[in-house]
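Here are a few short exercises to work through with the structure open beside you. Try each task before reading its solution.

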Amino acid sequence: MKLKINELKPNESNPRIIKEAKFKKLVQSIKGFPEMLELRPIIVDEDMTILGGNMRYKACVQAGLKEVNVKI
């Protein structure tokens with residue numbers, strides 16, 4: 001299912017953080033191969049809080065995407 005990216009809520013208790021260089025590579029990867037997000041959707045709960053894919057979400061925002069694939 002596709003949702004507008006601004007409908008998603010980042011998980012404030014997410015322990016995962018990646019370094020700037022890897023984050024930039026992730027952003028470039030999403031820009032170059034956005035179809036990957038169909039294969040690995042962002043996982044959210046019923047409140048649209050992200051359970052899996054917080055860094056992909058941030059990279060999608062940075063890449064300027066307006067919609068992303070999610071799985072509830």
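**Exercise 1.** Find what Asn54 is in contact with, leaving aside its neighbours within four places in sequence, and decide whether Asn54 is buried or exposed.

*Solution.* Please keep in mind throughout that this is a predicted model. Start by locating the residue: Asn54 lies in helix H3. Next, list its partners beyond four places in sequence, which are Pro10, Asn11 and Asn14. Finally, check accessibility: the cut-off for buried is under 20% relative accessible area, and Asn54 has 5%, so it counts as buried.

**Exercise 2.** Work out the order of helices and strands along the protein, then judge its compactness from the radius of gyration.

*Solution.* Count the elements to begin with: the protein has three helices and four strands. Reading from the N terminus, they follow the order β-α-α-β-β-α-β. The radius of gyration is 11 Å, close to the 11 Å given by the globule rule for 72 residues, so the protein is as compact as a globular protein of that length. For its extents, the C-alpha trace spans about 30 × 25 × 20 Å along the principal axes. Contacts complete the picture: of those with a separation of 6 or more, 78% join residues 24 or more positions apart.

**Exercise 3.** Identify which members of the largest nonpolar core touch the most other members, and trace which elements give two or more residues to this core.

*Solution.* Nonpolar side chains tend to be buried together in soluble globular proteins. Here the largest nonpolar core holds 21 residues, and those touching the most other members are Leu8, Ile30, Ile42, Val44, Val68 and Val70. Two or more residues each come from helix H1 (20-32), helix H2 (36-39), E2, helix H3 (54-63) and strand E4 (67-71). H3 supplies the largest share, five residues. Now take Leu8 by itself: not counting residues up to four places away in sequence, Leu8 touches Leu3, Ile42, Val44, Met48, Ile50, Tyr57, Val68 and Val70.

**Exercise 4.** Say what is notable about the phi of Met48, and find where Met48 sits.

*Solution.* First recall the general trend: most residues other than glycine have a negative phi. Met48 is not a glycine, yet its phi is positive, about 70°. Then place it: Met48 belongs to the loop between strand E2 (42-44) and strand E3 (50-52). Last, look at its surroundings: Met48 is buried, at a relative accessible area of 16%, and Met48 is one of the residues that Leu8 touches.

How values were computed:
Residues numbered from 1 in each chain as written. Predicted model: local features only at pLDDT ≥ 70, side-chain atom pairs only at ≥ 80, totals over all residues. Heavy atoms only, no water. Rg over C-alpha atoms; globule rule 2.2 N^0.38 Å. Contact = heavy atoms within 4.5 Å. Buried < 20%, exposed > 50% of the residue type's maximum accessible area, 1.4 Å probe, protein only. Core = buried A, V, L, I, M, F, W, Y, C linked by side-chain atoms within 4.5 Å.
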